[in-house]
Amino acid sequence: RVISRLLSANLTLDNTLREDAAQFRMRLEAPHAVVVADPGANDAHVLGMAARTAARYLGLPAAVGERAGRVVVLVECTRAQLVDDYCQRFLVETRLLDDPIHLGASARHNDAVTLHHAYEQALESLTLLPTLGGDRQVAHFDELGLLHWLHALPPDTFAENAYARHLQHLDEHDRTRGGELLHTLDVFLECDGNGVRAAERLIVHRHTLKYRLHRIEHICGVDLSDPFCKLNLRTALLSRRMRDGHRGD
């Protein structure tokens, strides 16, 4: 009940809510963050107990509940670092579970009035976690940056982008000819345009990489020596990865 009220968009800090929050030692005027956990194949009830244990370990007041199949934690964080400290402790408490869990954490909010917004930030962070790459288990809203803007764009806006169309052309070329140009471009840009590192990651000779990059420039009509061009292509790749991840949900 407390979590449902605190996450309401029309929250009123009345005495009843203050009394309910006091059961969790929560001070409604203190800074808080919201952490949303995807339990995967694990039991959500077990995950909820781990969430409470993590809060007790750090001495942080917290309210834990379930919403839409996920575990939701409202945790008091007087310092910004405590948000990450809590997430890392949460992972420690769940390290023996059968399936790895994934967490999305909001920014720190100054009081409980904006916790509904914090909940939306935590959900967005969890949604965009795969886009950050690697085997990461935690995404913080404060680190999303450009991804937050891309997430807010309607699909039509992405489709109209010339750099998004360039990627589509590369994808079609790879599918029809069994190539790896799109993946090559992705790795090259992830390596900040460093050909040596990109060739090592792709496990190809530097001349093979150079040939592929020339093919990419020819097919797309771009200049990969242009920093602005590389920025736009990298952004389009991130947006594509993000939207592909959504379709896979």
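Student: How should I read a pocket in a model like this one, and what volume does the second largest pocket have?

Tutor: The general idea is that rolling a probe the size of a water molecule over the atoms shows where empty space is left. In this structure, which is a predicted model, the second largest pocket has a volume of about 180 Å³.

Student: Which residues line the second largest pocket, and which elements give two or more residues to the lining?

Tutor: The lining is made up of Phe24, Arg25, Arg52, Ala55, Arg56, Leu60, Pro61, Ala62, Ala63 and Val64. Two elements, helix H3 (44-58) and strand S2 (62-67), each give two or more residues to that lining.

Student: Helix H3 also holds Leu47, so is Leu47 buried or exposed, given the cut-off that applies?

Tutor: A residue counts as buried when its relative accessible area is under 20%, and Leu47 is buried because its relative accessibility is 0%. Setting aside residues up to four places away in sequence, Leu47 touches Ala37, Asp38, Pro39, Val71, Phe90, Thr94, Leu97 and Ile101. As for Val64, which is one of the residues lining the pocket, its C-alpha lies 9.9 Å from that of Leu47, with their positions 17 residues apart in sequence.

Student: Where is Glu124 found, and is Glu124 buried or exposed?

Tutor: Glu124 sits in helix H5, which covers residues 115-128, and Glu124 counts as buried because its relative accessibility is 11%. Beyond its neighbours within four places in sequence, Glu124 is in contact with Phe141, Leu144, His148 and His151.

Student: What does the accessible area say about His183?

Tutor: Values from 20% to 50% fall in between buried and exposed, and His183 is called partly exposed because its relative accessible area is 44%. His183 belongs to helix H9, residues 181-190, and its C-alpha is 9.1 Å from that of Asp171, a residue 12 places away in sequence.

Student: Turning to the whole chain, how many helices and strands are there, and how much of the chain is buried?

Tutor: The protein chain has 12 helices and five strands, and of its 249 residues, 45% are buried. The C-alpha atoms fill a box of roughly 70 × 40 × 30 Å along the principal axes, while the chain exposes about 13,200 Å², with 50% of that supplied by carbon and sulfur atoms.

Student: What share of contacts joins residues at least 24 apart?

Tutor: Among contacts between residues at least 6 apart in sequence, 64% join residues at least 24 apart.

Terms used
Residues numbered from 1 in each chain as written. Predicted model: local features only at pLDDT ≥ 70, side-chain atom pairs only at ≥ 80, totals over all residues. Heavy atoms only, no water. Helix = DSSP H or I, 4+ residues; strand = E, 2+ residues; numbered from the N terminus. Buried < 20%, exposed > 50% of the residue type's maximum accessible area, 1.4 Å probe, protein only. Contact = heavy atoms within 4.5 Å. Areas by Shrake-Rupley, 256 points an atom, 1.4 Å probe, with all protein chains shown as cover. 1 Å grid on protein atoms, 1.4 Å probe; cavity = no way out; pocket = protein on both sides within 12 Å on 5 of 7 lines; lining within 4 Å. Points joined across faces, edges and corners; volume = space filled by probe spheres on them.
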